[in-house]
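Welcome! Here is a short tour for anyone meeting this structure for the first time, with the main topics sorted into bullet points.

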Protein chains: 2
Amino acid sequence: MTEMSLFEAIHTQRAIRRYKPDPVPDEAITKILAAATRAPSARNCQPWHFLVLRDAELKRSFGEIYWKATLDGRSDGILEKDTTTFPKVGFDYAEHLGEFPVLIIVCLEPTHPSSHDPFLRGASIFPAIQNMMLAARALGLGACFTSNYRRREGEVKALLGIPDDVPTAGCILIGYLGEGEHFGGSRRKPVEEVTFYDRWGQRSS
Amino acid sequence: MTEMSLFEAIHTQRAIRRYKPDPVPDEAITKILAAATRAPSARNCQPWHFLVLRDAELKRSFGEIYWKATLDGRSDGILEKDTTTFPKVGFDYAEHLGEFPVLIIVCLEPTHPSSHDPFLRGASIFPAIQNMMLAARALGLGACFTSNYRRREGEVKALLGIPDDVPTAGCILIGYLGEGEHFGGSRRKPVEEVTFYDRWGQRSS
């Protein structure tokens with residue numbers, strides 16, 4: 001099999017939120033994790049730990065916390081399952097999260113070169129997460145990054161035994177594409193709209 | 001030309017800090033920026049603006065600010081150019097930054113879905129930056145992300161006309177590999193060392 005090109009992976013990556021129940025081969029998970037570990041980080045600190053959830057009961061419990069945290073964040077009630085807006089707002093996956101084939105919780109070392117700066121802390125973890133998203137795409141697997149459980153992060157840590165001082169960055173969902181899902185076609189602003197040359201506001205060099 | 005595979009790009013990406021003076025084709029810069037714009041972001045907010053610096057005088061001025069900011073951060077004096085430690089500490093590139101072929105300052109929309117949370121703000125910009133690093137690699141170009149100028153971010157904004165309320169995420173250096181540089185071979189922890197299964201501390205599922 002010819003491996004997918006970088007540019008094809010980048011241009012067709014898309015957040016996938018519905019998955020088949022089919023299991024994901026261990027080999028694919030290892031490739032995705034290996035891709036993560038190649039990412040750059042501040043002074044090569046590699047502050048990552050990956051917690052791979054495959055146990056059905058633990059996933060279900062995590063999914064319940066995730067769902068509660070999702071509801072916590074929606075005081076407008078549009079997540080009520082009996083309203084017609086529910087499936088349209090992109091949150092319908094939240095109810096099924098605990099049934100997805102693989103969930104990977106991305107954790108961070110408590111201290112590392114950028115740990116004092118909350119924004120720059122991300123420079124040492126989100127590149128690894130993006131490598132995982134692209135690796136999943138190249139392997140024909142859907143993926144989605146979400147941090148919506150973080151309002152109840154303490155409950156997640158208690159469930160999975162994550163130490164209090166270990167921050168979590170978020171959770172990556174992985175699985176084969178469910179009904180109605182497809183790669184590619186996500187809407188993006190064109191390069192010309194988001195690029196200046198030499199000075200802010202200058203459209204050509 | 002066969003395009004580089006995703007996994008080859010990921011596994012051979014490496015921070016490059018010495019560049020040839022050769023110019024980088026516009027087409028390559030556009031491909032790198034297009035890769036950035038395909039990245040995921042919270043609710044597809046795409047909070048990015050890219051400021052491409054190619055003007056020699058502006059690069060030189062930015063390089064001077066960068067060098068001062070680098071010195072600001074090193075009270076131990078190991079950046080003194082006449083010490084033998086200088087070239088060993090990985091900061092020697094800082095002195096030459098203003099001479100590199102292309103510098104891209106990555107800026108953020110002042111407000112977007114994650115802008116209230118400094119850590120999560122990064123989830124909507126560092127994936128785009130990682131796409132740029134990988135795209136450069138696939139095009140045979142070196143790249144490096146740095147934010148070391150941020151202690152003097154105000155001076156950078158004044159130089160380039162970046163509005164006060166627009167945060168910058170960092171700067172990406174781009175160019176062909178200089179003497180002694182090569183792709184690949186960066187040291188990383190093995191997957192087994194950074195992966196747990198189902199519960200923190202559990203090495204196999």
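This is a predicted model. A good place to begin is the crossing of helix 6 of chain A and helix 6 of chain B, which is right-handed. Residues from both helices make this contact: A:Phe126, A:Pro127, A:Ile129, A:Gln130 and A:Asn131 on one side, and B:Phe126, B:Pro127, B:Gln130 and B:Asn131 on the other. From there, the bullets look at how the two chains meet, how they are related, and how strands and helices are arranged.

**Helix 6 against helix 6**

- The helix 6 of chain A in this pair covers residues 126-138, and its axis lies 8 Å from that of helix 6 of chain B, at an angle of about 70 degrees.
- Angles of 65 to 115 degrees count as roughly perpendicular, and helix 6 of chain A and helix 6 of chain B are therefore roughly perpendicular to each other.
- By class, the residues in this contact of helix 6 of chain A with helix 6 of chain B are five nonpolar and four polar, with no charged ones.

**The wider meeting of the chains**

- Across the whole interface, 62 residues of chain B are in contact with 63 residues of chain A.
- On the chain B side, the elements that give two or more residues are helix 1 (6-12), helix 2 (26-37), strand 1 (48-53), helix 5 (118-121), helix 6 (126-138), helix 8 (191-194) and strand 5 (195-197) of chain B.
- Which helix of chain B gives the most to the side that touches chain A? Helix 6 of chain B does, with eight residues.
- The residues on this side of chain B divide into 36 nonpolar, 17 polar and nine charged.

**How the two copies are related**

- Chain B is superposed on chain A by a rotation of 180 degrees with 0.0 Å of shift along its axis, and the RMSD is 0.0 Å.
- The two copies are thus related as by a two-fold rotation axis.
- Both copies use the same surface, since 98% of the contact residues of chain B recur in chain A.

**Sheets built from both chains**

- One open sheet has five strands in the order 3(A)-4(A)-2(A)-1(A)-5(B), and its pairing is mixed.
- The edges of that sheet are strand 3 (142-146) of chain A and strand 5 of chain B; each has a single partner strand, so one side of each is left without a neighbour in the sheet.
- From one strand to the next, the twist in this sheet averages 20 degrees.
- Strand 3 of chain A runs antiparallel to strand 4 (residues 168-175) of chain A, and five bridges join the two. In this pairing A:Gly142 stands opposite A:Gly175 in strand 4 of chain A.
- Another open sheet of five strands, also with mixed pairing, follows the order 5(A)-1(B)-2(B)-4(B)-3(B).
- Here the edge positions go to strand 5 of chain A and strand 3 (142-146) of chain B, each with a single partner strand, so one side of each is left without a neighbour in the sheet.
- Where do the chains join within this sheet? Strand 5 (residues 195-197) of chain A and strand 1 of chain B run parallel and are joined by three bridges, and A:Tyr197 stands opposite B:Val52 in strand 1 of chain B.
- Strand 3 of chain B and strand 4 (residues 168-175) of chain B run antiparallel, joined by five bridges. B:Phe145 stands opposite B:Ile172 in strand 4 of chain B.
- Helix 6 of chain B lies across strand 1, strand 2 (102-108), strand 3 and strand 4 of chain B, and runs at about 155 degrees to strand 3 of chain B.

**Helix packing inside chain A**

- Helix 2 (residues 26-37) of chain A and helix 6 of chain A cross at roughly 145 degrees, and their axes come within 7 Å. This crossing of helix 2 of chain A and helix 6 of chain A is right-handed.
- In that pair, A:Lys31, A:Ile32, A:Ala35 and A:Ala36 of helix 2 of chain A meet A:Ala128, A:Asn131, A:Met132, A:Ala135 and A:Ala136 of helix 6 of chain A. The contact has seven nonpolar, one polar and one charged residues.
- Helix 3 (residues 56-72) of chain A packs with helix 7 (residues 153-160) of chain A at an angle of about 170 degrees, and their axes are 10 Å apart. That makes helix 3 of chain A roughly antiparallel to helix 7 of chain A.

Technical notes:
Residues numbered from 1 in each chain as written. Chains lettered and ligands numbered in written order. Predicted model: local features only at pLDDT ≥ 70, side-chain atom pairs only at ≥ 80, totals over all residues. Contact = placed C-beta atoms within 7 Å. Helix = DSSP H or I, 4+ residues; strand = E, 2+ residues; numbered from the N terminus. Nonpolar A, V, L, I, M, F, W, Y, C, P; charged D, E, K, R; others polar. Pairing = 2+ DSSP bridges. Axes fitted to C-alpha atoms, helices over the stretch in contact; angles between N-to-C directions. Parallel < 35°, antiparallel > 145°, perpendicular 65-115°, else oblique. Left-handed = near helix turned anticlockwise from the far one by under 90°. Least-squares fit on C-alpha atoms with pLDDT ≥ 70 in both.
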